[in-house]
Amino acid sequence: MKTMYALAICTLMLSAPAYAEDSQISIKDHLFTPSTLTISTGTKVTWTNHDQDPHTVVGRSTQQPFHSSALDTNDTYSYTFTEPGTYQYFCTLHPMMVGKIIVTAGK
Amino acid sequence: MENESDQKLINLGNQNRRDFLKCSAWAGAGVLWMLSGGIPKAFALDAAGKLPEGVSLAGNFHFVQISDSHIGFNKEANPEPIKTLQEAIGRINALPSKPSLILHTGDITHLSKPEQFDTAAEILKGLPAPVHYVPGEHDTLDEGGGKLFLDRYGKGTKGTGWYSFDDHGVHFIALINVLNFKQGSMTSLGDEQLKWLADDLRAVKTSTPIVVFAHIPLWTVYEPWGWGTADGAQAIALLRKYGSVTILNGHIHQVIQKVEGNITFHTARGTAYPQPAPGAAAAPGPMTVPADQLRSYLGITDVKTVQGNHPLALVDSTLV
């Protein structure tokens, strides 16, 4: 029964992205997933580290300078994007780990 | 003229390069590496981890490399890095002769927290000789981007923490390659440090044995995982004319060795947890092995210099 509820909730979340205020990015096996995320302005993005290794989330844009501290296992970092644009970011501990946030205007 | 045991050390073993490579993947009691004329020779230590009959460390200059202690790590791959560091220190104290110095090639702590530096420093007091440090990228995660490390270990260093010193006729060079991370590429030393290195080497005779130590491998072990230094080749080029160069790194938590002319590249095991062989897993993170096997993946490196004849012997031993 619990599983059914969980599934139902998951389905609701998946089926209603247009109304979601928050977006999630998973950090696992040294990858940001999804590696490219498209959101509208005002969306809060939360990264969660599922690796045993610590990681960072560091943006390269001066317009929206997001920068996490080192995230240990299960630590999260959130940032709300207010300006449209394309934001590249990477992990400063493992610079081959890269990701991109595309922020579109309005809702 | 070196003594008889030195001669034996140089002459021991006649394994070919294939055997050498095989040995480098072996995780047993330990391996004694020898270099003679740039050709590496290796043979296994006996089951008790002892040096073979006739080979002695006594009366010669030798030093020990330890690496990747990751104090503060507490995950599955090793919930007790304090204990395994203490075991590594115990192993160094049990060596048949006291090393003249110790090199720690970085990642002393896992997350650069003040209490992790404090705990590490307290444990490392148990080492029997002065310790020379370089930071790993895990030691520069504080707000100040490495200030905590430099406050503690950076006295008398240049630039972002590089330095050199001489001991027993060997020129030691500590390089920093954990502060210049750029998206999508390997780490780098930077032009300022390379310039300093060129200046530093100007006064060093080509007959002087050189030991370079830095956290991340100066040579490219595996680029997709960032296991290399983008401008490392520029540093290596400055070292080519020297008769004996040994480059000691950590970061990858496993022994990998390569010889190019007079230059030996060697990475040490960590004391905290193993990592997968290059490309052997989806990602380079901590590798969980059965608890009863963990200590065979952790260890120390003992480096012996043979005065006058330049080869350095590298003895890798595990904690079991």
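Below are some exercises with worked solutions on a predicted model of two chains, A and B.

**Exercise 1. Outline chain A: how many helices and strands does chain A have, and in what pattern do they follow along the sequence?**

Solution. Start with the count: chain A contains one helix and eight strands. Next, put these elements in sequence order, and the pattern reads α-β-β-β-β-β-β-β-β. Then look at burial: 29% of the 107 residues of chain A count as buried. Finally, turn to the contacts between residues at least 6 apart in sequence; in chain A, 49% of these join residues at least 24 apart.

**Exercise 2. Work out the four-stranded open sheet of chain A: what is the strand order, and which strands lie at the edges?**

Solution. Step one is the order, which is β2-β1-β4-β6 in chain A, with mixed pairing. Step two is the edges: β2 (31–33) and β6 (76–81) of chain A each pair on one side only. Step three is the twist, where neighbouring strands of this sheet are turned by 20° against each other on average, direction ignored.

Now take the pairings around β1(A). Strand β1 (residues 22–28) and strand β4 (residues 43–49) of chain A run in the parallel sense, with six bridges between them. You can check the register with two residues: Gln24(A) sits opposite Thr46(A) of β4(A), and Ile25(A) has Trp47(A) as its bridge partner in β4(A). With β2(A), β1(A) is antiparallel, and three bridges join the two. Here Lys28(A) has Leu31(A) of β2(A) as its bridge partner. To close the step, inspect the hairpin of β1(A) and β2(A): two residues lie between the strands, and Asp29(A) takes a positive phi near 50°.

**Exercise 3. Follow strand β8 of chain A: which side chains point to the buried face, and which point to the other?**

Solution. Begin with the general rule: in a regular strand, side chains alternate between the two faces of the sheet. Apply it to β8 (residues 98–104) of chain A. Gly99(A), Ile101(A) and Val103(A) point to one face and are buried, whereas Val98(A), Lys100(A), Ile102(A) and Thr104(A) point to the other and are not buried.

Then find the partners of this strand. Strand β3 (residues 36–40) of chain A runs parallel to β8(A), joined by five bridges; within this pair, Thr36(A) is matched with Lys100(A). Strand β7 (residues 85–90) of chain A pairs with β8(A) in the antiparallel sense over six bridges, and Tyr87(A) stands opposite Ile101(A).

**Exercise 4. Explain the environment of Ile247(B): why does Ile247(B) count as buried?**

Solution. Locate the residue: Ile247(B) belongs to strand β9 (residues 245–249) of chain B. Now apply the cut-off of 20 or more other C-beta atoms within 10 Å. Ile247(B) counts as buried because it has 25 C-beta neighbours inside 10 Å.

Next, leave out residues up to four places away in sequence and list the contacts: Ile247(B) touches Val212(B), Leu218(B), Ile263(B), Thr264(B), Phe265(B) and His266(B). For a distance check, Ile247(B) and Ile236(B) are 11 residues apart in sequence and 9.3 Å apart in space, C-alpha to C-alpha. Pick up Val212(B) and repeat the exercise with the same exclusion. Besides Ile247(B), the contacts of Val212(B) include Ile173(B), Leu175(B), Leu239(B) and Val245(B).

**Exercise 5. Describe the nonpolar cores: how many residues does the largest have, and which element gives the largest share?**

Solution. The largest nonpolar core has 54 residues, and Ala88(B), Leu175(B), Val212(B), Phe213(B) and Ala214(B) have the most contacts inside it. Its largest share, five residues, comes from α3(B). A second, separate core has 19 residues, among them Val45(A), Trp47(A), Tyr79(A) and Tyr89(A).

Now examine α3 (residues 81–93) of chain B. Its 13 residues reach 18 Å from first C-alpha to last, close to the 18 Å expected at 1.5 Å a residue. Its buried residues include Leu85(B), Ala88(B), Ile89(B) and Ile92(B). They are covered by elements including β3 (62–66), α4 (114–124), β12 (299–305) and β13 (312–318) of chain B.

**Exercise 6. Characterise the contact of the chains: how many residues does each chain give?**

Solution. Chain B gives 19 residues and chain A gives 18. Sorted by class, the side of chain B that touches chain A has 10 nonpolar, five polar and four charged residues.

Technical notes: Residues numbered from 1 in each chain as written. Chains lettered and ligands numbered in written order. Predicted model: local features only at pLDDT ≥ 70, side-chain atom pairs only at ≥ 80, totals over all residues. Buried ≥ 20, exposed ≤ 12 C-beta atoms within 10 Å, placed from the backbone. Contact = placed C-beta atoms within 7 Å. Pairing = 2+ DSSP bridges. Axes fitted to C-alpha atoms, helices over the stretch in contact; angles between N-to-C directions. Expected span 1.5 Å × (residues − 1). Nonpolar A, V, L, I, M, F, W, Y, C, P; charged D, E, K, R; others polar. Core = buried A, V, L, I, M, F, W, Y, C linked by C-beta atoms within 7 Å.
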